[in-house]
Amino acid sequence: MEECEALASFFNETCIQIVLSNPRRKGEIKKISLRPVIISEGLYFQQTSYIGAKVYHKNLSRDQAVEKTEQALRKEFKQCQIITETEMVVILSNKRGEFSFRTKEKQTERKQGDMEHNRKKKYILEEGTPVPFLKDLGVMTAEGKIVHSKYDKYKQINRFLEFVEDILPELPQGREITLLDFGCGKSYLTFAVYYYLKVLKQYDLRVIGLDLKEDVIEHCNNLKEKYGYEKLQFLKGDIASYQGVDKADIVITLHACDTATDYALEKAVTWGAKVILSVPCCQHELNNQIKNNILRPVLKYGIIKERMAALLTDAIRAEYLESRGYRTQLLEFIDMEHTPKNILIRGIFHGKAADNREQIKEIEEFFHISPTLGKLLDKGNCV
């Protein structure tokens with residue numbers, strides 16, 4: 001009881017950060033961190049859990065945070081570090097779940113605004129710094145101020161650039177990098193990636209944007225000429241039939257409808273793309289195929305069947321990429337303007353194919369489905 005009271009005493013507004021680390025067992029969960037936040041209802045603790053390659057966030061009441069931390073420290077982690085405004089405390093938990101407290105010299109000070117739940121985020125493309133293509137696309141004024149009605153688009157662009165920033169260590173050095181953007185549309189993100197990698201980061205980059213709409217392609221080519229983006233090119237073409245390159249380092253596909261995403265992924269694998277960034281849309285194929293006697297009571301509801309089919313589609317796509325030597329993640333990517341679909345598939349090629357083909361087959365048989373990506377990869381015998 002005294003241990004619990006001692007632990008609970010740190011959960012107040014003087015707390016800066018709590019970190020649970022050193023897992024007792026090898027597995028997916030790596031660490032859990034908590035920080036206090038003030039929201040309308042009062043003091044809460046924002047919990048961040050690092051599980052595998054994913055990060056999960058959740059707001060907890062003070063009592064919930066204390067209970068979660070105590071249980072995790074007794075059963076899941078060996079160590080907890082607590083940083084407050086006056087001290088830094090390390091709590092060690094032994095095999096019997098007993099705590100020992102050690103106080104160290106405090107090294108971290110709270111910065112102004114740290115307890116604000118919605119702290120002002122530092123974006124890669126900062127407001128106040130004019131960016132030519134954002135101005136012409138109607139997202140930013142000439143002075144660098146974000147147009148209010150386009151703020152969601154501004155956040156989306158920066159969120160996507162964060163995904164790109166994560167893969168910088170994977171990019172080849174000392175040669176030209178080729179990036180293909182299938183279904184580029186108005187090309188907010190195509191221009192953003194080119195500007196970030198070529199202009200800001202100074203990579204030797206060649207970007208090709210592909211779309212079926214001739215007027216959109218013409219408009220984008222006019223803009224790239226205006227900015228002097230010599231190694232950015234927009235072409236009219238179809239994903240399935242495009243043969244303009246033999247190799248690609250990065251393949252991006254955003255909101256390619258239904259099986260168009262599968263054709264883009266197959267192209268990326270065929271070209272040996274080092275990085276794949278894909279936000280699928282309109283996953284109709286499996287929705288028309290999926291059936292299972294066990295799940296019949298669930299699948300009879302159209303909206304549930306549609307969502308299950310969409311999630312199943314993207315999960316199997318990720319598994320097929322794993323079977324071809326990619327390390328894949330399914331990440332949250334919210335696009336307020338175009339579609340409620342908000343999953344991004346990120347694949348990094350590392351060459352070690354996962355031994356998951358039997359598992360994929362079992363899933364397909366269970367749901368009576370035959371995904372296009374599997375058939376394309378098998379037909380092409382992609383490495």
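## Helix α6 and its two sides

In this predicted model, the buried residues of α6 are Val216, Ile217, Cys220, Leu223, Lys224 and Tyr227. Look down the axis of α6 and these buried residues sit within an arc of 125°, so they line one face of the helix. That fits the usual geometry: an α-helix has 3.6 residues a turn, so residues three or four places apart point the same way. On the face turned away from the buried side you'll find the exposed residues Glu214, Asp215, Glu218, Glu225 and Lys226.

What do the buried residues of α6 pack against? Their partners are α3 (132-136), α5 (188-200), β9 (205-211) and β10. As for dimensions, α6 covers residues 214-227, 14 in number, and its first and last C-alpha are 20 Å apart, close to the 20 Å expected at 1.5 Å a residue. Right after α6 comes Gly228, with a positive phi near 75°.

## Aromatic rings

The count of aromatic pairs comes to 15. Take Tyr242 and Trp271: their ring centres are 6.3 Å apart and the planes stand at 90°, so this pair is edge-to-face. It ties together distant parts of the chain, 29 residues apart, with Tyr242 in the loop between β10 (232-236) and β11 (250-257) and Trp271 in the loop between α7 (260-270) and β12 (275-281). Tyr242 and Trp271 are both buried.

There's also an aromatic cluster, made of Phe133, Phe191, Tyr194, Tyr195, Tyr227, Tyr229 and Phe234. Tyr227 is also one of the buried residues of α6.

## Charges over rings

Lys31 has its charged end over the ring of Tyr50, 4.9 Å from the ring's centre. Arg74, meanwhile, lies over the face of Phe99, 4.4 Å from the ring centre.

Technical notes. Residues numbered from 1 in each chain as written. Predicted model: local features only at pLDDT ≥ 70, side-chain atom pairs only at ≥ 80, totals over all residues. Heavy atoms only, no water. Phe/Tyr/Trp six-rings, centres within 6.5 Å; stacked < 30°, edge-to-face > 60°. Helix = DSSP H or I, 4+ residues; strand = E, 2+ residues; numbered from the N terminus. Buried < 20%, exposed > 50% of the residue type's maximum accessible area, 1.4 Å probe, protein only. Lys NZ or Arg CZ within 6 Å of the ring centre and 35° of its normal. Expected span 1.5 Å × (residues − 1). Arc of directions from axis to C-beta. Contact = heavy atoms within 4.5 Å.
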